[in-house]
Amino acid sequence: MKVEQVLHMKGGVGKDSYGNNSSHPRSVISMVKPILGESIIEVYSAMSSFECLKIADLGCSAGPNALLVVSEIIDIVDEICRRLKRPRPCLQAFLNDLPGNDFNAVFTYSLPSFYERLEREKGTKFRNNCFVAGVPGSFYGRLFPPNSLHFVQSSYAIMWISKAPKELVSKTGSSLNKGNICVAKTSPTAVLEAYLEQLKRDFELFLRCRAEEIVSRGCMILTTMGSINSNDPLTIWEFVGLKLNEMVAEGLIEDEKLVSFDLPYYAASVKEVKNVIEAEGSFKLQKLESFSIDRDDYIKKADNDHVVDKTARSAIIARDIRAVGEPILASHFGQDIMDDLFCRFEDGVLDYMEAHKCQYINIVMSLTKKDV
Ligand code: SAH
């Protein structure tokens, strides 16, 4: 099945939904706010006061994060207007994701509270000048008319590549990455190379499409999961793979099922993304930063009263990873094994993370479209 038919975060507003299990990406979005601020100032300064500021969030998903960056941009613009004594601009925000995303949850639950906050904090006039629209489709293709956007942002989305590389299956039909579901410690070099080539093709296409859509000197902030070196293992998904292997050994999943599954996921290194940006050539790289955080850092930080013990932390991490991984895993392995898989995951995840010093590596890129 095509990735766009099976890749989406868990929708709805229930306790298992992505919306209720996305504190980690939310904490990363707030860490990136200073870079976002610099970029918006640059974009806004180049615009006339009467122009409508057009922005897009690519891979917005559903839940509170879907409108978070748009809200932050509004706060930044509001602050600049106050400082420069300029009238607040009209603003149009496009929320993009794959068609399987729960856009209904975004427009039914998140948008009304977004508008209420806007009305309360910025007044009716600003609220009536902010327009939000959904744009379903893959960002590995054109989404907007030429020269129509001033600013694009994407958070925690472009490590999802358009497909698992076809080179993972040899000419004779055997799998190169047998027993793994992503780049893992035991993957042969050819697997890593195949994923890297797919990343290069996809990221270059992504940049080329955005270069068509973004106005000259418009900006883009991309935050993604990365790796320090290209041979770092993708440990959290690797751990999911280990649990799937365990279930194969117990006869709960057919070996063939596991052999034929590869995640469309590649966490590139700083050098790898930089090389693609330079080779593609449409954008000037203003800033490229990477920072790592412990996988349970966001839980510990939110736990002011120190009540969340190891068992509770494991459960939170399992719910978070399940909200991301379940739709694509269930489409291949079947819904009926998901409870068992994530129970096993929850049981061992913290010990595994400690033993392997798992961290989230984040890469933030600030880009400006070159004048042509
Ligand atoms: N930006 C949100 C969501 C991150 S989850 C946050 O920071 O919390 C990643 C999202 O990217 C998912 O909703 C997934 O469906 C979307 N995505 C992955 N590949 C995509 C593609 N090719 N085009 C558009 N969206 C994509």
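## Around the ligand

Helix α2 (23-31) and strand β2 (91-97) each supply at least two residues of the shell around the ligand; helices (H or I, at least four residues) and strands (E, at least two) are DSSP runs, numbered from the N terminus. This is a predicted model, where local features need pLDDT of at least 70, side-chain atom pairs count only at pLDDT 80 or more, and totals for chains, interfaces and linings use all residues. Residues are numbered from 1 along each chain as its sequence is written, and side-chain values use heavy atoms, with hydrogens and water left out.

Who are the nearest neighbours? Among the 20 residues around the ligand, Tyr-18, Gly-59, Asn-65, Asp-97 and Ser-155 come nearest (near means a heavy atom within 4 Å). The shell has 12 nonpolar, seven polar and one charged residue.

## Contacts and cover

Now look at the nitrogen atoms of the ligand. A backbone N or O atom of Gly-59 lies 2.8 Å from one, while polar backbone atoms of Phe-139 and Ser-155 are each 2.9 Å from a ligand nitrogen. On its own the ligand has 570 Å² of accessible area, and the protein covers 97% of that (Shrake-Rupley method, 1.4 Å probe).

## Salt bridges

How many salt bridges does the structure hold? There are 20, each a side-chain nitrogen of Lys or Arg within 4 Å of a carboxyl oxygen of Asp or Glu. One joins Lys-122 to Asp-78, with the closest N and O atoms 3.3 Å apart. This pair links distant parts of the chain, 44 residues apart: Lys-122 is in helix α5 (residues 103-122) and Asp-78 in helix α4 (residues 68-84).

Key:
Polar contact = N/O pair within 3.5 Å; in protein donor to acceptor, adjacent residues only side chain to side chain. Nonpolar A, V, L, I, M, F, W, Y, C, P; charged D, E, K, R; others polar.
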